[in-house]
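Please take a moment to look over the sequence and the three-dimensional picture, and then follow the explanation below from the inside of the protein to its surface.

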Amino acid sequence: MHRLPPDHYIAGIRAGDRLVLSRAITLVESQLESDQALALQVLEAVLPQTGNAIRIGITGVPGVGKSTFIEAFGKHLTSSGKKLAVLAIDPSSQRSHGSILGDKTRMETLSMDPLAYIRPSPSGGSAGGVGNKTRETMLLCEAAGFEVILIETVGVGQSETVVHGMVDFFLLLMLAGAGDELQGMKRGIMELADAIAITKADGDNAAAAERARGEYQNALHLFPPAPSQWIPPVLTCSALQNQGIEALWQLILEHQTRLTQNGFRDRNRQQQNLDWLHRTIRQQLETRFYRQPGMPERLAQIESQVQKGELLPLQGAQLLLTSWL
């Protein structure tokens with residue numbers, strides 16, 4: 001696609017032009033070196049307009065109803081005049097490397113809301129349930145004037161903890177009545193959650209959801225206190241009946257107020273920026289390693305020796321790294 005001059009991207013984003021915003025996101029997701037250089041120019045220019053949104057990460061096991069919940073939650077926010085951006089991450093195929101990107105169709109009502117912007121992106125093989133450029137996309141949306149950013153992860157298990165390192169509030173959605181809830185808990189992700197919401201708490205499942213709420217709340221008391229001194233609550237909600245949605249939003253606002261007052265919100269964002277720095281260094285080193293002249297041929301030779309059992313993988317890696325350095 002034809003690229004715009006940097007000033008066009010910058011002016012369009014600041015004006016809230018969604019077409020330009022979408023093209024800018026495509027730019028930052030590109031792997032072309034020329035696109036990456038242009039994207040960096042745009043990000044540097046709009047940086048002063050970023051950081052004012054509430055960043056919310058939402059995760060949960062497949063079937064928990066993330067898209068249905070986000071649509072109900074998003075409609076609640078836009079009905080009160082909030083500008084909402086939803087960054088929905090779809091898992092990429094390990095074989096074709098493609099993604100379905102179907103989240104926008106699952107949020108049909110929200111996608112037609114003039115105050116909402118939904119951007120599905122492929123995970124691109126990135127670990128942690130988020131895309132390679134989710135952080136950059138979030139900054140572009142903030143610069144475009146969106147007040148709340150929702151990041152919906154792919155929802156594939158305990159590796160979802162990466163999203164915690166880029167949001168202000170981390171919401172874990174859980175199901176009741178799907179077996180032994182406490183047996184299915186993942187300590188790593190549970191410890192990071194700022195709140196747990198038991199979804200589909202309606203009809204015959206309402207009683208089971210309430211029981212699960214009590215079990216999870218009791219279990220959370222066994223975890224050490226969070227650095228923010230925030231005690232994660234457990235709520236029940238029903239996206240279909242629009243129950244518990246307002247209570248959850250008020251909880252998020254209370255969380256933001258308290259953490260802003262005690263200074264943790266600013267410190268947390270500063271630490272997230274440092275983590276982003278080191279993650280970017282690791283990614284850049286890996287990229288430069290594989291792009292080194294002659295590396296594909298040298299790599300193929302080492303791979304052949306490793307496959308035949310003539311060379312240990314550790315030895316092969318050491319030889320490649322030594323030749324690179």
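**From helix 9 to the surface**

In this predicted model, the buried residues of helix 9 are A208, A209, A212, Y216, Q217, A219 and L220. Helix 9 itself covers residues 206-220, and its 15 residues reach 21 Å from the first C-alpha to the last, which is close to the 21 Å expected at 1.5 Å a residue.

Several residues of this helix come up again around I198, which, leaving aside its neighbours within four places in sequence, is in contact with A209, A212, R213 and Y216, among others. The contacts of I198 also include M174, L175 and A176, as well as V234, L235, T236 and C237.

I198 belongs to the largest nonpolar core, which has 48 residues, and it is one of those that touch the most other members, together with I13, L140, C141, I149 and I196. Helix 2 (residues 18-29) gives the most to this core, with 6 residues. A second, separate core of 32 residues includes I70, L77, M107 and F169. In soluble globular proteins, nonpolar side chains tend to be buried together.

Moving on along the chain, A226 is found in the loop between helix 9 and strand 7, and A226 is called partly exposed because its relative accessible area is 25%, a value that lies between the 20% and 50% cut-offs. A226 and D194 are 32 residues apart in sequence, with 9.1 Å between their C-alpha atoms in space.

Finally, on the surface, L274, L277, I281 and L285 make a nonpolar patch of about 350 Å². L277 is found in helix 11 (residues 264-291), and L277 is partly exposed, with a relative accessible area of 45%.

Conventions
Residues numbered from 1 in each chain as written. Predicted model: local features only at pLDDT ≥ 70, side-chain atom pairs only at ≥ 80, totals over all residues. Heavy atoms only, no water. Patch = residues over 30% accessible without salt bridge, like charges linked within 9 Å, V, L, I, M, F, W, Y side chains within 5 Å. Areas by Shrake-Rupley, 256 points an atom, 1.4 Å probe, with all protein chains shown as cover. Salt bridge = Lys/Arg side-chain N within 4 Å of Asp/Glu carboxyl O. Helix = DSSP H or I, 4+ residues; strand = E, 2+ residues; numbered from the N terminus. Buried < 20%, exposed > 50% of the residue type's maximum accessible area, 1.4 Å probe, protein only. Core = buried A, V, L, I, M, F, W, Y, C linked by side-chain atoms within 4.5 Å. Contact = heavy atoms within 4.5 Å. Expected span 1.5 Å × (residues − 1).
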